[in-house]
Amino acid sequence: MVALAACVLIVGGLGYYLVLCAVRPFGACRKCGGSGEVERWRKTRTCPRCRGKKLRLRLGRRAHNAWRRTYEDGVR
């Protein structure tokens with residue numbers, strides 16, 4: 001019974017993440033927290049990870065894009 005509940009939670013969580021990646025492929029940058037700027041040595045600089053755009057592509061969407069590119073290259 002406990003294993004079934006754990007499986008349902010895992011499948012539900014993965015389903016939620018898949019829908020989230022499809023609906024909102026971009027999330028807030030983890031390094032700057034979505035502000036676009038980081039503070040280094042008491043100076044505010046543009047975030048090097050998102051380059052000031054405040055967003056990043058989600059890991060699931062990045063994996064989906066790579067799979068789609070690989071599939072399309074193999075079909076051609």
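# A walk around a predicted chain

Start with the whole surface switched on: the protein chain exposes about 6,600 Å², and carbon and sulfur atoms supply 60% of that area. Keep in mind as you go that this is a predicted model.

**Stop 1: the whole chain**

Zoom out and colour by secondary structure. You should find 2 helices and 4 strands in the protein chain. Follow the ribbon along the sequence and the order reads α-β-β-β-β-α.

Now turn the C-alpha trace around. Along its principal axes the trace spans about 55 × 45 × 20 Å. How does the radius of gyration sit beside that of a compact globule of 76 residues? The protein chain has 18 Å, while a compact globule of 76 residues would be near 11 Å. Colour by accessibility next, and you will see that 14% of the 76 residues count as buried.

If your viewer can draw contacts, look at the ones with a separation of 6 or more: residues 24 or more positions apart account for 48% of them.

Then show the charged side chains. There are 18 positive and 4 negative ones in the protein chain, and the centres of the two sets lie 4 Å apart.

**Stop 2: along helix α1**

Select residues 2-23, which make up helix α1. Two residues here are good ones to click.

Go to I10, which lies in α1. Is I10 buried or exposed? I10 counts as exposed, because its relative accessibility is 54%. Draw a distance from the C-alpha of I10 to the C-alpha of G34: the two residues are 24 apart along the chain, and the separation is 28 Å.

Move on to L14, also placed in helix α1. L14 comes out as exposed too, at 54% relative accessibility. For another distance, pick K43: it is 29 residues from L14 in sequence and 40 Å from L14 in space, C-alpha to C-alpha.

**Stop 3: the cysteines**

Show the cysteines as sticks with the sulfurs highlighted. How many disulfides does the structure hold? The count is 0.

Click C21 to begin. Why is there no bond from C21? The closest cysteine sulfur belongs to C29 and is 16 Å from the sulfur of C21, so the gap is too far for a bond. C21 is also buried, with a relative accessible area of 5%.

Next pick C32, which is in no disulfide. The nearest cysteine sulfur to that of C32 is again the one in C29, this time 3.7 Å away. A disulfide needs the two sulfur atoms within 2.5 Å, so this pair does not count as one. With 12% relative accessibility, C32 counts as buried.

**Stop 4: the loop between β3 and β4**

Select β3 at residues 43-46 and follow the chain into the loop that leads to β4. Two residues in this stretch have backbone angles to look at.

R51 sits in that loop. What is the phi of R51, given that it is not a glycine? Phi is positive there, about 55°. R51 counts as exposed, with a relative accessibility of 64%.

K54 is found in the loop between β3 and β4 as well. Its phi is near 75°, a positive value in a residue other than glycine. K54 is partly exposed, with a relative accessible area of 41%.

**Stop 5: R58 and what it touches**

Now select R58. Where does R58 sit? Its place is in the loop between β4, residues 55-57, and α2, residues 59-75. Is R58 buried or exposed? R58 counts as buried, because its relative accessibility is 12%.

Show the neighbours of R58 as sticks. Leaving out residues up to four places away in sequence, R58 touches Y17, L20, C21, R24, P25, F26 and G27. You have already met C21, which is buried at 5% relative accessible area. R24 is worth a distance: it lies 34 residues from R58 along the chain, and the C-alpha atoms of the two are separated by 8.7 Å.

**Stop 6: into helix α2**

Finish by following the ribbon to H64, which is found in helix α2. H64 counts as partly exposed, at 35% relative accessibility. For a last distance, connect the C-alpha of H64 to that of A22: these residues are 42 apart along the chain, and their C-alpha atoms are separated by 9.6 Å.

How values were computed:
Residues numbered from 1 in each chain as written. Predicted model: local features only at pLDDT ≥ 70, side-chain atom pairs only at ≥ 80, totals over all residues. Heavy atoms only, no water. Buried < 20%, exposed > 50% of the residue type's maximum accessible area, 1.4 Å probe, protein only. Rg over C-alpha atoms; globule rule 2.2 N^0.38 Å. Contact = heavy atoms within 4.5 Å. Areas by Shrake-Rupley, 256 points an atom, 1.4 Å probe, with all protein chains shown as cover. Lys, Arg positive; Asp, Glu negative; His and termini not counted. Charge placed at Lys NZ, Arg CZ, Asp CG, Glu CD.
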